[in-house]
Amino acid sequence: MSIIPSFFGSRRSNVFDPFSLDVWDPFQDFPLISTSGSSSEFGKETSAFANTRIDWKETPEAHVFKADLPGLKKEEVKVEVEEGKVLQISGERNKDKEEKNDKWHRVERSSGKFLRRFRLPENAKVEEVKAGMENGVLTVTVPKVEIKKPEVKSIDISG
């Protein structure tokens, strides 16, 4: 359940997640305000792709990250673990080439580079990270270290 009110859109904010490196921008979904410092059409279009949404769920066995990356090939996406504790997902979608005689009526698809970082918890097995891409959805699975329950030995009480 999100603490941020729903009038900011349907985005799930990570502002209170201690493992996230994301910075919440309260003006991100407002079309008239540019927080990137660039007021060009290019800046607005690339910002949508630059803020690629990624879901992170934790199961008993692993941390699972899912990113919607329609139109990208697996060769255009990089998954890395930095310093053994930060998962980095990055890539780039190139803009369609413009021909001299083309007249664009609407440009809504985003293009440009994206980069997302997630601080992994201590129980992550970073040496066993697996990634796969199917139908434009990237799935990164980070297995968790098994926590062994302490062995309990029953002691007979003599009396």
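The legends below describe close-up views of a predicted model.

**View 1. The chain as a whole, with one helix and seven strands.** Read along the sequence, the elements of this predicted model follow the pattern α-β-β-β-β-β-β-β. The chain has 159 residues, of which 25% are buried, and about 12500 Å² of the chain is exposed, with carbon and sulfur atoms supplying 52% of that area. Among contacts between residues at least 6 apart in sequence, 53% join residues that are at least 24 apart.

**View 2. An open sheet of four strands in the order S1-S2-S7-S6.** The pairing within this sheet is antiparallel. Strand S1 (54-58) and strand S6 (130-134) stand at the edges, and because each has a single partner strand, one side of each is left without a neighbour in the sheet. Neighbouring strands of the sheet are turned against each other by 15° on average, when direction is ignored. At one edge, S1 is joined by five bridges to strand S2, which covers residues 62-68 and runs antiparallel to S1; within this pairing, Glu58 has His63 of S2 as its bridge partner.

**View 3. The hairpin of S6 and S7, with two residues between the strands.** Strands S6 and S7 pair in the antiparallel sense over five bridges, and Ala131 stands opposite Val140 in S7. In this hairpin, Asn135 takes a positive phi near 55°. Strand S6 is hardly covered, since the count of buried residues among its five residues is zero.

**View 4. A cluster of Trp56, Phe65 and Phe118 linked by ring pairs.** The structure holds three aromatic pairs. One of them is formed by Trp56 and Phe118, whose rings meet edge-to-face, at 5.9 Å centre to centre and with 80° between the planes. Trp56 lies in strand S1 and Phe118 in strand S5, so this pair ties together parts that are 62 residues apart in sequence. Trp56 is partly exposed, with a relative accessible area of 23%, whereas Phe118 counts as buried at 1% relative accessibility. The rings of Phe65 and Phe118 have their centres 5.2 Å apart and their planes at 50°, so this pair is tilted. Because Phe65 lies in strand S2 and Phe118 in strand S5, the tilted pair ties together parts that are 53 residues apart in sequence. Phe65 and Phe118 are both buried.

**View 5. Lys144, in the segment after strand S7 (137-143).** At 14% relative accessibility, Lys144 counts as buried, because that value falls under the cut-off of 20%. The side chain of Lys144 reaches the backbone oxygen of Thr59 at a distance of 3.0 Å. Leaving aside its neighbours within four places in sequence, Lys144 is in contact with Glu58, Thr59, Pro60, Glu61, Ala62 and His63, and also with Asn123 and Lys125. Glu58 and His63, which appear among these contacts, are also bridge partners, with His63 belonging to S2.

**View 6. Arg109, in the loop between strand S4 (86-93) and strand S5 (112-119).** Arg109 counts as exposed at 61% relative accessibility, because the value is over 50%. Arg109 and Asp96 are 13 residues apart in sequence, and their C-alpha atoms are 9.9 Å apart in space.

Terms used. Residues numbered from 1 in each chain as written. Predicted model: local features only at pLDDT ≥ 70, side-chain atom pairs only at ≥ 80, totals over all residues. Heavy atoms only, no water. Buried < 20%, exposed > 50% of the residue type's maximum accessible area, 1.4 Å probe, protein only. Polar contact = N/O pair within 3.5 Å; in protein donor to acceptor, adjacent residues only side chain to side chain. Contact = heavy atoms within 4.5 Å. Pairing = 2+ DSSP bridges. Axes fitted to C-alpha atoms, helices over the stretch in contact; angles between N-to-C directions. Areas by Shrake-Rupley, 256 points an atom, 1.4 Å probe, with all protein chains shown as cover. Phe/Tyr/Trp six-rings, centres within 6.5 Å; stacked < 30°, edge-to-face > 60°.
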